[in-house]
Amino acid sequence: MPNKRPRRKFTDEFKNQIVQLYLNDKSKSVILKEYELAPLR
């Protein structure tokens with residue numbers, strides 16, 4: 001089993017920023033790539 005990265009913690013400010021990007025028509029895939037986030041499974 002490959003080593004997993006440690007779980008990251010995000011501030012409410014960061015989460016709100018991501019939501020605003022999405023609400024302003026930035027695509028989910030672009031946001032995930034730019035911020036090195038993994039999609040929910």
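E36 sits in the segment after α2, and its backbone does something a little unusual in this predicted model: phi is positive, at about 50°, although E36 is not a glycine. As for cover, E36 counts as exposed, because its relative accessible area is 53% and the cut-off for that label is over 50%.

A second residue goes the same way. D25 is found in the loop between α1 and α2, the latter spanning residues 28-34. Its phi is near 70°, again a positive value in a residue other than glycine. With a relative accessible area of 73%, D25 is exposed.

Next door to E36 in the numbering comes Y35, and with Y35 the story turns to aromatic rings. A pair of aromatic rings is described by the distance of the centres and the angle of the planes. The count here comes to two aromatic pairs. In one of them, the rings of F10 and F14 have centres 5.0 Å apart and planes at 20°, so this pair is stacked; the angle falls under the 30 degrees that stacking calls for. The other pair joins F14 to Y35, with 5.6 Å from centre to centre and 70° between the planes, which makes it edge-to-face; here the angle is over the 60 degrees needed. Since F14 lies in helix α1 and Y35 in the segment after α2, this contact ties together parts that are 21 residues apart in sequence.

F14 takes part in both the stacked pair and the edge-to-face one, and F10, F14 and Y35 form one aromatic cluster. How buried or exposed is each ring-bearing residue? F14 is buried, at 19% relative accessible area, which puts it under the 20% cut-off. F10 is partly exposed, at 34%, and Y35 is also partly exposed, with 26%. Both of those values fall between the limits of 20% and 50%, so neither residue earns the buried or the exposed label.

Helix α1, which runs over residues 12-23, holds another tyrosine, Y22. Y22 counts as partly exposed because its relative accessibility is 48%, a value that stays short of the over-50% mark for exposed residues. Together with V19 and L23, Y22 makes up a nonpolar patch on the surface. The three residues share about 310 Å² of accessible area. Helix α1 thus contains F14, a member of the aromatic cluster, as well as Y22, a member of the nonpolar surface patch.

Conventions. Residues numbered from 1 in each chain as written. Predicted model: local features only at pLDDT ≥ 70, side-chain atom pairs only at ≥ 80, totals over all residues. Heavy atoms only, no water. Patch = residues over 30% accessible without salt bridge, like charges linked within 9 Å, V, L, I, M, F, W, Y side chains within 5 Å. Areas by Shrake-Rupley, 256 points an atom, 1.4 Å probe, with all protein chains shown as cover. Salt bridge = Lys/Arg side-chain N within 4 Å of Asp/Glu carboxyl O. Helix = DSSP H or I, 4+ residues; strand = E, 2+ residues; numbered from the N terminus. Buried < 20%, exposed > 50% of the residue type's maximum accessible area, 1.4 Å probe, protein only. Phe/Tyr/Trp six-rings, centres within 6.5 Å; stacked < 30°, edge-to-face > 60°.
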